[in-house]
Structures are given as structure tokens and as C-alpha cells.
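Subject: Handover of a structure, with notes

Dear colleague,

I am passing the structure below on to you, together with my notes on it. Please have it open while you read, since the notes go through it element by element.

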Amino acid sequence: MAVLLNIAMLFPFIVKSAAESGVPKINPFHFSGELDVGMRASVQCAVIYGDPPFEFSWFKDGHKLIDNRGVSTRNIDDFTSNLVISKVEADSNGNYTCRASNSKGFDEKFATLSVKDDGTPKITPFHFPGELTVGMRTSVLCAVIYGHPPFDFTWLKDGHKLSEARSTSVKNIDDFTSNLVISKVDADSNGNYTCRASNSKGLDEKSALLSVKELGNPKINPFHFSGELDVGMRASVHCAVIYGDVPFEFMWFKDGQPLIDTRGISFRKTDEYNSNLVISKVDADSNGNYTCRVTNLKGSDEKSAVLSVKGILYE
């Protein structure tokens, strides 16, 4: 009896000493065990012990939780913080932790949210590389990370069903993954690509934008005639495309008039990107402004150079 009396006398002192420490103490909380996809979930983190003010922080699977469109946190009063998930889904599953801290220390409690699996597919996001230029190969994987097979995969571009073509192919790698391959991208490859995975329970889709860096309009490297040309010497210049989409059409002009092959003047394409102009023997008539114009489906560019034979002024 004396022992019990001593414990009873000590108990208020123990409680008082703990309370005086001021470290927060959070009441345990729990999510409902009957959450289906689309339902609303809410929990309260309530400090039942400690000295205010308190700072509340929320975490999911160890990462700090930030407010977004479907998730919000707010302090109801000095002792309570509320977490609301407006519509739970597969991504909502996880371990949620509330941490309350003050100048004396902190406490944290956690609860597991588990949404009932309804079997609807869930696709992981995918992305195209951001450094694609004309002629490169690209591919993306559409992977189902959640749901019950079998799945039906459909690929769309800009909202229209994608049909396989010479450079575009789709293939199911396994029951959960579909692969889209474009062997050579070009300007026509640009667009928004969507993978849709469906099963008997529903569907999910994810999209990614493909943007090809277009070479586009031709760009010619500047060229110049030698400044040391005497009558009878040979002159040659090179018109080189350094940028743009093949095929190119080359045209040469002198003083704004189309240049034609004659006995002493010739020009020819040395390859898809280059044209060479040759004047076998320059004379007074050779003086002038020579222009190379290159065109393709996207546009044109031109560069000019003045040929001036020594001792003969070009007017």
C-alpha cells in the first residue's frame, strides 16, 4: 500500500516535468482503409502536448510535400495542420508524415495511404530527346506500371491514330511495354505523340512533344575571287551550302543576269552541297558581280563576289 501511495504521489511530478520540457507531441492519425480511386482523403496532425508556436511540415515517402492542384495543407489553428487530397489515385499511395517542431524539439507521426487497386492502367511519363536534328533516330517507351493485363496499346500523333510508315514503327516489347521508333526524323515528325493503354477496367494516356531542329533554308558560305587576276589567268570560286535541307538547286548570275556555260565559262555541281564556277581565261569582259543562288523547298540564299581583272576597272 505504501508503494502504491508513493507512485501516486510521484505521478503528477513526472507529468509536470515532461510537460515543462515543451517538446511537441503529435496524436497518431490514420487514413481511411476504404479509399477508392477518385475519393477524397483527409487527415489531421494535432499537437496534444508542447509549447507553441509550432512549425508543421508534411512529407510523402521522405520527400517534402508541396501544395499542388490535388494536394493541399493548411494550419487550422496553432495546434493543428490538415492534409487534404481531393481525389486519390494510384500515385497517391505512400507513407505520409507530419512533423511538428518548436524551439524545444520536434515530433513526427506517419500514416500509410493505400488506394484500392481497381486495375486501371497507369503509364509512366516518357520524353523525346531535346537535341534532335533532321536524319536522327529516336524512340520512346510506353510502359504500364500499374493495372491488370492484357493491355491494348494505341499510338496517336496530334490526336490522330498513328499508322506505321517507312520510317515509323511501333512494337509491343512485352505485355506491359510498347515501343515507338522513328528511324529518321524530319520536319514532318514534329508533333505531340500520345500512348494510350487500355484494359477491361479503363485507360490511361501520356503524351510527349517531339521537336526537330530544322535545318530549313539554305545558307551559303561567302566566297571571293582572287584580287591578283591578270588578263589570261584562270579564275575559280566555290559556292558551298553550309546549312539547310537537301536537295538544292544552284544558279549562277553575272550582274543580275543568269549565267550560261560558254566556251570560257563553266559551272558544275561537285556534290549535293557544292557548285564550282570556272572562268578559264579572264579578260575585260570577265569583270562583274557574280552571284550564286541556292534554293530548296524551304527558301533560298545567295552570295555575290566582284571579279576585277588588274588594270581593267569594273564599273
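What follows is an account of some strands, their pairing, and a few side-chain pairs.

Please keep in mind throughout that this is a predicted model.

**The four-stranded sheet**

I begin with an open sheet of 4 strands, in which the order is E13-E12-E16-E17 and the pairing is antiparallel. Its edges are formed by strand E13 (160-161) and strand E17 (202-210), each of which pairs on one side only.

Within this sheet, strand E12 (residues 152-157) runs antiparallel to strand E16 (residues 191-199), and the two are joined by 6 bridges. Two of the residue pairs may help you to find the register: Phe 153 has Ala 197 of E16 as its bridge partner, and Trp 155 is matched in E16 with Cys 195. Towards E13, strand E12 is joined by 2 bridges, again in the antiparallel sense, and here Leu 156 has Lys 161 as its bridge partner. E12 and E13 form a hairpin with 2 residues between the strands, and in that hairpin Asp 158 takes a positive phi near 50 degrees.

As for its surroundings, E12 has 5 of its 6 residues buried, so the strand is largely enclosed by the rest of the structure.

**Strand E15 and its partners**

How many of the residues of strand E15 are buried? In this strand (residues 177-182) the count is 6 of the 6, so E15 is largely enclosed by the rest of the structure. In a regular strand, side chains alternate between the two faces of the sheet, so it is worth looking at each side in turn. For E15, Thr 177, Asn 179 and Val 181 on one side are buried, as are Ser 178, Leu 180 and Ile 182 on the other, and both faces are therefore covered.

E15 is paired with strand E11 (residues 138-146), to which it runs antiparallel and is joined by 6 bridges; one of the residue pairs is Ser 139 with Val 181 of E15. Strand E14 (residues 168-174) also pairs with E15 in the antiparallel sense, over 6 bridges, and there Lys 171 has Asn 179 of E15 as its bridge partner. E14 and E15 form a hairpin, with 2 residues between them.

**Salt bridges**

The structure holds 10 salt bridges, and I describe some of them here.

In one of them Asp 91 is paired with Lys 122, with 3.2 Å between the closest N and O atoms. Because Asp 91 lies in the loop between strand E6 (80-85) and strand E7 (94-102), while Lys 122 is in strand E9 (residues 122-123), this pair ties together parts that are 31 residues apart in sequence. As to exposure, Asp 91 is partly exposed, with a relative accessible area of 41%, whereas Lys 122, at 15%, is buried.

Another salt bridge is formed by the side chains of Asp 107 and Lys 109, with an N to O distance of 3.2 Å. Here Asp 107 and Lys 109 are both buried.

Glu 228 and Lys 310 also meet through their side chains in a salt bridge, at 3.3 Å from N to O. This pair links distant parts of the chain, 82 residues apart, with Glu 228 in the loop between strand E19 (219-220) and strand E20 (235-243) and Lys 310 in the segment after strand E26 (299-307). Glu 228 counts as exposed, because its relative accessibility of 51% is over the 50% cut-off. Lys 310, with 38% relative accessibility, counts as partly exposed.

**Glu 55**

Lastly, there is Glu 55, which is found in strand E3 (residues 55-60). Is this residue buried or exposed? Glu 55 is exposed, because its relative accessible area of 52% is over the 50% cut-off. Leaving aside neighbours within four places in sequence, the residues in contact with Glu 55 are Arg 99, Ala 100 and Ser 101. Between the C-alpha atoms of Glu 55 and Val 294, which are 239 residues apart along the chain, the separation is 68 Å.

With kind regards

Conventions:
Residues are numbered from 1 along each chain as its sequence is written. This is a predicted model: local features need pLDDT of at least 70, side-chain atom pairs count only at pLDDT 80 or more; totals for chains, interfaces and linings use all residues. Side-chain values use heavy atoms; hydrogens and water are left out. Buried means under 20% relative accessible area, exposed over 50%, partly exposed in between (1.4 Å probe, protein chains only). Contact means heavy atoms within 4.5 Å. Two strands pair if DSSP finds at least two bridges between them. A salt bridge is a side-chain nitrogen of Lys or Arg within 4 Å of a carboxyl oxygen of Asp or Glu.
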